[in-house]
Amino acid sequence: MTLENLIPPGGMTPSDLVRLGAEFALGVEPVEMAPQVLDTPIYTGRLLAHEVQPGLMLSAGDVTYICDQGFAVEMAPALVCGIMLSGQPVRTEVEGHGSFVRLPHQVNLMGFDRPIRYTTPLERGRNFRTAGFVLQPAFFERFAEDIDDDGVSALRELTTGGFRTATITHSPRIGEIARLCLEHPYGGQLGRLFLESNALAYVIEVAQALKDERRLVALLGRREYDRVVHAREILDGDLVNTPTTLELARRVGINVTTLQANFKAVFGRTIFAHVREQRLMMAKILLQEYRLSVAEAGRRVGFSRPSAFSAAYRRHYGHPPRSERRQSTGMRPG
């Protein structure tokens, strides 16, 4: 079958193009874009690594190490970014530049304008779920004069002046983008397109988060900024038994008024609004995965009246909580 045989008289309509694509898809073996399952003498698990654009490498892994191993990497000038989705803190040694510790859910950036070698000691039995990207000089060169206007300049700065590091303490949005690198359901060219889009979203979110964090640190000071971040980590660490605002302020070493003002400045919402949003997210899981009743899910996350829970849930998600239970049982809302 040739292309000429498939073109109907009068030209191609959108439907014709889709049909033509389907004809060709029958003769093309899909490209595997999911993480590859590996079983080596050093580790077992899944790994993904693709160059999704010139100078932009995307990688992700869910691996368990089966022996003690010093994992050494030699790299040409680049910016390396990664987040540990799960696992224990790990220390990385960089030749000639000391060491730094990577923590779970923390975005770590490492930039260098000359080749470097770094080593990460990994222990037997430890599991890590990670996802990140590498930006090579070719990536930045493509943006030329526009780079200062699109936020990527915050990333490029890290690749100047020898060896530099930065961290973004907590970003649920970046964590979700990173998770999709491992868990996406697509294959073939659709998978390639998804990974490219997801990698670019990853770069943009990291660049924006880095700019925002630097602005807020300049506004509040590093010590005050770290206190507010610590406050949110305390809240997120136990959403069932969240401390009062007064207790939270005492735990992070700041007065209540300053904590409330700085929390809103950093996260764009009040402490109460943050806890309520996180609890509604928890309620969604209770409804979808544990199939609790609406009243019981609401009670578990702190609502004394089902009507108040339903109203808050609808305002946040745009639909009532009962629709979550219907979807989880295969029913359609009437």
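## Notebook: helix 6, the cores and the salt bridges

I began at the end of a helix, where Gly221, just after helix 6, takes a positive phi of about 95°. I note here that I am working with a predicted model, and that each value below is computed from it.

**Entry on helix 6.** Staying with this element, I looked up its extent and found that helix 6 covers residues 188-220. I then asked myself what span its 33 residues should have at 1.5 Å a residue. The expected span is 48 Å, and since the end C-alpha atoms of helix 6 are 47 Å apart, the two values agree. Next I looked for nonpolar side chains on the surface, and I found that Tyr186, Leu190 and Leu193 form a patch there, with about 290 Å² of accessible area together. One of these residues, Leu193, is found in helix 6.

**Entry on the cores.** I turned from the surface to the interior, keeping in mind that in soluble globular proteins nonpolar side chains tend to be buried together. Which residues have the most contacts inside the largest nonpolar core? They are Leu109, Leu135, Leu155, Tyr202 and Val206, in a core that has 35 residues. Helix 6 gives the largest share of this core, namely eight residues. Apart from this core lies another one, of 19 residues, which includes Val228, Val252, Leu259 and Val275.

I then picked out Leu109 and, leaving aside its neighbours within four places in sequence, listed what it is in contact with; among these residues are Leu79, Val80, Cys81, Leu155, Leu158 and Val206. The list for Leu109 also includes Arg164 and Thr165, as well as Ala166 and Ile168.

**Entry on salt bridges.** How many salt bridges does a search of the whole structure find? The search gives 17, and I followed up a few of them.

The side chains of Glu95 and Arg117 meet in a salt bridge, at 3.2 Å from N to O. Glu95 lies in the loop between strand 6 (90-94) and strand 7 (98-102), while Arg117 lies in strand 9 (residues 116-122), so this pair ties together parts that are 22 residues apart in sequence. I also checked whether each partner is covered: Glu95 has a relative accessible area of 52%, and because exposed means over 50%, it counts as exposed. Arg117, with 30%, is partly exposed.

A second pair, Asp113 and Arg114, has its side chains joined by a salt bridge at 3.0 Å, N to O. Both partners are partly exposed, Asp113 with a relative accessible area of 32% and Arg114 with 47%.

In a third pair, the side chains of Glu277 and Arg269 meet at 4.0 Å, N to O. Glu277 is partly exposed at 24% relative accessible area, and Arg269 is partly exposed at 21%. I also noted that salt bridges sharing partners join Arg46, Asp62, Arg129 and Glu183 into one network.

**Entry on Pro104.** My last stop was a loop residue, Pro104, which is found between strand 7 and strand 8 (107-112). Is Pro104 exposed or partly exposed? Its relative accessible area is 26%, so I recorded Pro104 as partly exposed. Leaving aside its neighbours within four places in sequence, I found Pro104 in contact with Met84, Gly87, Gln88 and Pro89. Finally, I looked up the separation of Pro104 and Thr130, which are 26 residues apart along the chain, and their C-alpha atoms are separated by 9.3 Å.

Conventions:
Residues numbered from 1 in each chain as written. Predicted model: local features only at pLDDT ≥ 70, side-chain atom pairs only at ≥ 80, totals over all residues. Heavy atoms only, no water. Core = buried A, V, L, I, M, F, W, Y, C linked by side-chain atoms within 4.5 Å. Buried < 20%, exposed > 50% of the residue type's maximum accessible area, 1.4 Å probe, protein only. Helix = DSSP H or I, 4+ residues; strand = E, 2+ residues; numbered from the N terminus. Contact = heavy atoms within 4.5 Å. Patch = residues over 30% accessible without salt bridge, like charges linked within 9 Å, V, L, I, M, F, W, Y side chains within 5 Å. Areas by Shrake-Rupley, 256 points an atom, 1.4 Å probe, with all protein chains shown as cover. Expected span 1.5 Å × (residues − 1).
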